[in-house]
Amino acid sequence: MQLNVETLSLINGCQALVLALMLWFGTHDASRHAMNGLRLRAVALLLESGGDLMLAFAAKMSPMYVLLLGNTLNLSAQALTIVALRMLLQRSLRWREAILLGIGAWAGVTYLSVVHPNYLWRVLWGSFFLVCNSSLNIAALWGGCRKRETRAQCLLLWTYVLAISLLVWRNVWLWTLATPPQGITAPSQVNSIYVLLFGIQPLLASIGFLLLYNEILQRGLYDLARIDPLTGVSNRLGLLEASETLLARARRKHESIGVLLIDADHFKSVNDRFGHDDGDRVLLELVANIRRMLRAGDMVGRVGGEEFLVLSPAVKEADLLALAERIRAAVERSRFSISGERYHLTVSIGAAIADGHEADMMAARRRADIALYEAKRAGRNCVMISTH
């Protein structure tokens, strides 16, 4: 079989069709935005497949029909891919830009095909808009490419960089040829190379989409193991890993870490009186009050029930006590409406300082726990710091 443009287009169309079916039926159990992004990409591949197959059988159809409908399919696929990628990444979708670029490209290509036929200018016009499409995708991927845990974004980014390079190469070659071809199906080395290489791009992009999908699943599992599902703050495992990281940094910088153990006073009475659903809402409000008082580098986690732990790096004892007092006062000022009744909550706080030379944070947490017990014995709604 001769590898002319029609044959290459047939191969590309079948490849895009198979990839579309793989993306649609081969992935599941993802978050809504990931699933919708993959399925939108699958639809884009179906449109690309339609455009390629029309080119493969161009000899059996009207050239104008192939040109106009084929461009409609391919440009629509480009617009959908922009939105699909951003949906997968949870970025702003940029529907308007994608649609406007598609309309602009189609209008120009149609004018340069029907009203004022000029193949070179038509290719240049379409290439410009395809470069804009790829640039939008690169912009969506740019920040994530710098993170080690998002290598799939780098693969996708370079796929679109290569697509731009291919478009530039094609236009430079066409404009420097003494007798350029007058259509994509015309027998020409530049046409065959372009169709071959451009047909590989959907494969690379789809692999990138699947790898990105896998990264999203892995991040979801990672967060699920480290985030408390009710309050959205770190759980015990998340706190353990964060404390190890903070302690390692404290050793390097010869700093200390503040530890606050916060317990809601008489919280059992809330659950007994109003039920666990209302008790959960009180915990959410408590966490919101704690978070409002923290600095950018501080973190809060739930260690169990109504007990929370705050880690505050690079603080002195006086600063830690001031932070604890702000949290206590903020909670005391809050008023909760539970089942139509007004309720007010207080907290007891135990504080401790962890030095950078300590092997781990367990000793500091035990000291904070002792201080918390002393705060309870002192009548609750107060702050105590460990002096040991």
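This briefing covers the annotated membrane segments, aromatic contacts and a mixed sheet with its packed helices. The model is predicted. The unreviewed UniProt entry lists six stretches under "transmembrane region", as 6–26, 65–86, 98–117, 123–143, 155–173 and 193–213. Beyond these segments, an open sheet of 5 strands is found, with mixed pairing.

**Annotated transmembrane segments**

- One of the stretches in the UniProt record is 123–143; over these residues the chain is 90% helix and 0% strand. The C-alpha atoms at the two ends of 123–143 are 31 Å apart.
- Another stretch in that record is 193–213, where the chain is 100% helix and 0% strand. Its end C-alpha atoms are also separated by 31 Å.

**Aromatic pairs in helix H5**

- The model has 4 aromatic pairs. Among them is Trp125 with Phe129, a tilted pair with 5.2 Å between the ring centres and 50° between the planes.
- Both Trp125 and Phe129 belong to helix H5 (residues 119–141). They are 4 residues apart, about one turn of the helix.
- Trp125 is partly exposed, with a relative accessible area of 37%, whereas Phe129 counts as buried at 10% relative accessibility.
- Phe129 also pairs with Phe128: the ring centres are 5.3 Å apart and the planes stand at 85°, so this pair is edge-to-face. The cut-off behind that label is an angle over 60 degrees.
- Through these ring pairs, Trp125, Phe128 and Phe129 are linked into a cluster.

**Charges over rings**

- Arg39 lies over the face of Trp24, at 4.7 Å from the ring centre.
- At Tyr222, the charged end of Arg226 sits over the ring, 3.6 Å from its centre.

**The five-stranded sheet**

- The strand order is E2-E3-E1-E6-E7. Neighbouring strands of the sheet are turned by 25° against each other on average, with direction ignored.
- Strands E2 and E7 (383–385) stand at the edges; each has a single partner strand, so one side of each is left without a neighbour in the sheet.
- Strand E3 (residues 307–313) is mostly covered, with 6 of its 7 residues buried.
- On one side of E3, strand E1 (residues 256–264) pairs with E3 in the antiparallel sense over 7 bridges. Among the bridge partners, Gly258 is matched with Ser312 of E3, and Asp263 with Glu307 of E3.
- Strand E2 (residues 299–304) is also antiparallel to E3, with 5 bridges between them. Here Gly301 has Leu309 of E3 as its bridge partner.
- E2 and E3 form a hairpin with 2 residues between them. Gly305, in the turn, has a positive phi of about 55°.

**Helices on the sheet**

- Helix H10 (residues 276–293) lies across E1, E2, E3 and strand E6 (347–355). The direction of H10 is at about 15° to E3.
- Helix H12 (residues 362–377) packs on the sheet as well, touching E1, E2, E3, E6 and E7. The direction of H12 makes about 150° with that of E6.
- Strand E3 thus has E1 and E2 as antiparallel partners, and contacts with H10 and H12.

Key
Residues numbered from 1 in each chain as written. Predicted model: local features only at pLDDT ≥ 70, side-chain atom pairs only at ≥ 80, totals over all residues. Heavy atoms only, no water. Phe/Tyr/Trp six-rings, centres within 6.5 Å; stacked < 30°, edge-to-face > 60°. Buried < 20%, exposed > 50% of the residue type's maximum accessible area, 1.4 Å probe, protein only. Lys NZ or Arg CZ within 6 Å of the ring centre and 35° of its normal. UniProt positions renumbered as here; feature names shortened; annotations may be inferred. Pairing = 2+ DSSP bridges. Axes fitted to C-alpha atoms, helices over the stretch in contact; angles between N-to-C directions. Contact = heavy atoms within 4.5 Å.
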